[in-house]
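Me: Please take a close look at one part of this model, the sheet, and describe what packs on it and what ties the surrounding parts together. A plain account is enough.

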Amino acid sequence: MKKEVIKRELNLEETKDGILIFEKKEFFHVMEKVKENFPYLSFITACHFPEKREFEIIYCVRNLEEPEILLLKTKILENEKIPSAYKYYKGADWMEREIYDLFGIEFENHPDLRRIVLPPDWEGHPLRKDYPINKAPEKYDYRKREVLRREF
């Protein structure tokens, strides 16, 4: 299994759930090695831990020749940025934009990091656990945004 090779060669810790953990500082080294063996990016997601003031970023990659899936996880602080995986996986483009939009996580060297789900002037990031869900949002009037009509 290629997962075991990557785990051993990169000396990565594995959780009980089979997720390999890596440090942010090892991002480029890990991605290069992973891309060689798992050329397809299935998804990227994040989880917010406001009590620790950190995020977990989870990458799911696949090897299509062999039915193997690899999950990788790293942590960043709330005010930290993480390198973009776009250099290794072009499919990371919209996934990182979605994470940026909904969590506020910034990806360094992303080619077009801007909101993808919410309007550009939307305040906050609704998937952060500290997002005020009990506060009624002001009604957003899409008709005021002429730019949106031209974009779509």
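Reply: In this predicted model, five strands make up an open sheet whose order is S1-S2-S5-S4-S3, with mixed pairing. Its edge strands are S1 (13–14) and S3, each of which pairs on one side only.

At the S3 edge, strand S3 (residues 40–49) runs antiparallel to strand S4 (residues 54–63), and nine bridges hold the pair in register. One of the bridge pairs is Phe49 with Glu54 of S4. Four residues lie between the two strands of this hairpin, and Arg53 there has a positive phi near 55°. Arg53 also belongs to a salt-bridge network, described further below.

At the S1 edge, S1 and strand S2 (residues 20–21) are antiparallel and joined by two bridges. Here Glu14 has Leu20 of S2 as its bridge partner. Glu14 also takes part in a salt bridge with Lys7, with a separation of 2.8 Å from N to O. What is the exposure class of these two side chains? Glu14 has a relative accessible area of 27% and is therefore partly exposed. Lys7, with 25%, is likewise classed as partly exposed.

Two helices pack on the sheet, H1 and H2. Helix H1 (2–10) lies across S1, S2, S4 and S5, and its direction is at about 35° to S5. Helix H2 touches S4 and S5, making an angle of about 25° with the direction of S4.

The buried residues of H1 are Lys3, Ile6 and Leu10. Viewed down the axis of H1, these residues fall within an arc of 65°, so they line one face of the helix. They pack against S1, S2, H2 and S5. After H1 comes Asn11, which has a positive phi near 55°.

Helix H2 (residues 27–37) has Phe27, Val30, Met31, Lys33, Val34 and Asn37 as its buried residues. The cover over them includes H1, S4, strand S5 (68–77) and strand S6 (82–83). H1 and H2 thus appear in each other's packing: H2 is among the elements against which the buried residues of H1 pack, and H1 is part of what covers those of H2.

Salt bridges come next. The whole structure contains 14 of them. One joins Glu80 and Lys24, whose closest N and O atoms are 3.7 Å apart. Why does this pair tie together separate parts of the chain? Glu80 sits in the loop between S5 and S6, while Lys24 sits in the loop between S2 and H2, so the contact links parts 56 residues apart in sequence. Glu80 is partly exposed at 29% relative accessibility, and Lys24 is partly exposed at 24%.

The loop between S5 and S6 also holds Lys81, and Glu106 lies in the loop between H3 and S7, so their pair ties together parts that are 25 residues apart in sequence. Their salt bridge has its closest N and O atoms 3.8 Å apart. Lys81 has a relative accessible area of 40%, which makes it partly exposed. Glu106 is partly exposed too, at 36% relative accessibility. Elsewhere, Arg53, Glu78, Arg128 and Asp130 are joined into one network by salt bridges that share partners.

Glu106 leads on to another group of contacts, centred on Leu113. Leu113 is placed in the loop between strand S7 (107–108) and helix H4 (146–151). Apart from its neighbours within four places in sequence, Leu113 is in contact with Glu96, Arg97, Tyr100, Glu106 and Phe107. Leu113 and Arg97 are 16 residues apart along the chain, with their C-alpha atoms separated by 5.7 Å. At 25% relative accessibility, Leu113 is counted as partly exposed.

Arg97 also figures in the surroundings of Asp93, as the nearest side chain of opposite charge, 5.0 Å away. Asp93 itself lies in helix H3 (residues 92–103). Is Asp93 buried or exposed? Asp93 is buried, yet has no salt bridge. The cut-off for a salt bridge is 4 Å between a side-chain nitrogen of Lys or Arg and a carboxyl oxygen of Asp or Glu. With residues up to four places away in sequence left out, Asp93 touches Tyr86 and His110.

Key: Residues are numbered from 1 along each chain as its sequence is written. This is a predicted model: local features need pLDDT of at least 70, side-chain atom pairs count only at pLDDT 80 or more; totals for chains, interfaces and linings use all residues. Side-chain values use heavy atoms; hydrogens and water are left out. Two strands pair if DSSP finds at least two bridges between them. Buried means under 20% relative accessible area, exposed over 50%, partly exposed in between (1.4 Å probe, protein chains only). Contact means heavy atoms within 4.5 Å. Axes are lines fitted to C-alpha atoms, for helices over the stretch in contact, and angles run from 0 to 180 degrees between N-to-C directions. Lys and Arg count as positive and Asp and Glu as negative; His and the chain ends are not counted. The arc is that of the directions from the helix axis to the C-beta atoms.
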